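Here's a quick walk through one helix and then through how the two chains sit relative to each other. Have a look at the model first.

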Protein chains: 2
Amino acid sequence: MATGSSGSKRTRRRRARPRVAVLRVGHRVGRDPRLTTHLALAARALGAERMYLEPADPALTERVAALARGWGGAFVVDGVDDWRRVVRSFPGRVVHLTMYGEPLARALPRLRGSDRLLLVVGGAKVPPDLYRLAHANVAVGAQPHSEVAAVAIVLDRLLGGPDRARFPGARRRVVPQARGKKVVTLRSGSR
Amino acid sequence: MATGSSGSKRTRRRRARPRVAVLRVGHRVGRDPRLTTHLALAARALGAERMYLEPADPALTERVAALARGWGGAFVVDGVDDWRRVVRSFPGRVVHLTMYGEPLARALPRLRGSDRLLLVVGGAKVPPDLYRLAHANVAVGAQPHSEVAAVAIVLDRLLGGPDRARFPGARRRVVPQARGKKVVTLRSGSR
């Protein structure tokens, strides 16, 4: 009985994890390709479902799609012209990550209780109305650092860290090694 | 008595946190400035003491130093010519972060038990002997993503997340806000 009860609690906790998307505002096509690629790949690796990218950058979207075809999962980068429309129409909680916001440790229980979350990060210049349009402004530390680090830490704390089960359909997979590299090639479409 | 005992346990646990440095190998001066700056700032914000940078990039070192003069703390970026010497002479555990390594969740207890840790991340091309020279090769997920995200997550899990007490001597400090930005200017040298 005790086991059954603890089992069901565990199931409920796992189901309660929010579905997370990322919105990057103010990408500079041609100037930020590596940084925005790192942001997209970290979001994907740590469990986000998609990244909205303003403005659109079709070359970046295709690079990430090519990688996802090889390494599995359904993550996509969606170019958008109007980030405000994404924020306003998002069917869940919109959280702007900024060093000026309330501490993550305080906000985390509320974020964990959401069904769907949109994590918004700005580039060099953040549009001032983002602070008002977001439901919450949350700081991963009140020091200047990196939107890649901020998104990674929020996803890690919300979703429990890397999980290979998130990447069905992979054509190749790493076999973890104490030394060196081992990658196996899988049949297309296999898990 | 019970309170005293739990207090001393807490103290011991806090003292047991490792001192962490980061080594970035294969920086491309002029090509990677933003990405390596993000790496340095994330390392600083999340509690690393310094970053060794190979090859040296004096402009980047000075940019990070200028930021640290304003925002506090003792973090520095040390340019190095020979990364292998840094790895060989480091007085602690050397951990190469790579998607091909053993899972972080498995390695973490060992890392937490170290007094000093050097987290090594490569650039686009990782020298093959790094896998052998490091004491451990550890993966923050077996998917391609970002050295900024990997370092951030390892520091967050090891050191307990952002902590304003790490930045004495700041000239300015953020006052967390639900909306908007508030920064106060402090006397030079105050906490």
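## The end of helix 3

Just past helix 3 of chain A, A:Gly72 has a positive phi of about 90°. Keep in mind that this is a predicted model.

The helix itself runs over residues 58-71, so to speak 14 residues of chain A. From first C-alpha to last, helix 3 reaches 20 Å, close to the 20 Å expected at 1.5 Å a residue.

## Two sides of the helix

Which residues of helix 3 of chain A are buried? They are A:Leu60, A:Val64, A:Ala68 and A:Trp71. These four cover an arc of only 75° around the axis, which puts them on the same side of helix 3 of chain A.

Flip to the other side of helix 3 and you find exposed residues: A:Pro58, A:Ala59, A:Glu62, A:Ala65 and A:Ala66.

As for what covers the buried residues, the list includes helix 2 (33-45) of chain A, along with strand 2 (50-54), strand 3 (76-79) and strand 7 (172-174) of that chain.

## How the two chains relate

Now for the pair. A turn of 180° with a shift of 0.0 Å along the axis lays chain B on chain A, with an RMSD of 0.0 Å. The two copies are thus related as by a two-fold rotation axis.

In chain B, the C-alpha nearest that axis belongs to B:Ala149, at 2.4 Å from it. The same surface serves both copies, too: 100% of the contact residues of chain B recur in chain A.

How values were computed:
Residues are numbered from 1 along each chain as its sequence is written. Chains are lettered from A and ligands numbered from 1 in the order in which they are written. This is a predicted model: local features need pLDDT of at least 70, side-chain atom pairs count only at pLDDT 80 or more; totals for chains, interfaces and linings use all residues. Helices (H or I, at least four residues) and strands (E, at least two) are DSSP runs, numbered from the N terminus. The expected span of a helix is 1.5 Å times one less than its number of residues. A residue is buried if 20 or more other C-beta atoms lie within 10 Å of its own, exposed if 12 or fewer, and partly exposed in between; C-beta atoms are placed from the backbone. The arc is that of the directions from the helix axis to the C-beta atoms. Two residues are in contact if their C-beta atoms, placed from the backbone, lie within 7 Å. Copies are superposed by least squares on the C-alpha atoms of residues with pLDDT of at least 70 in both.
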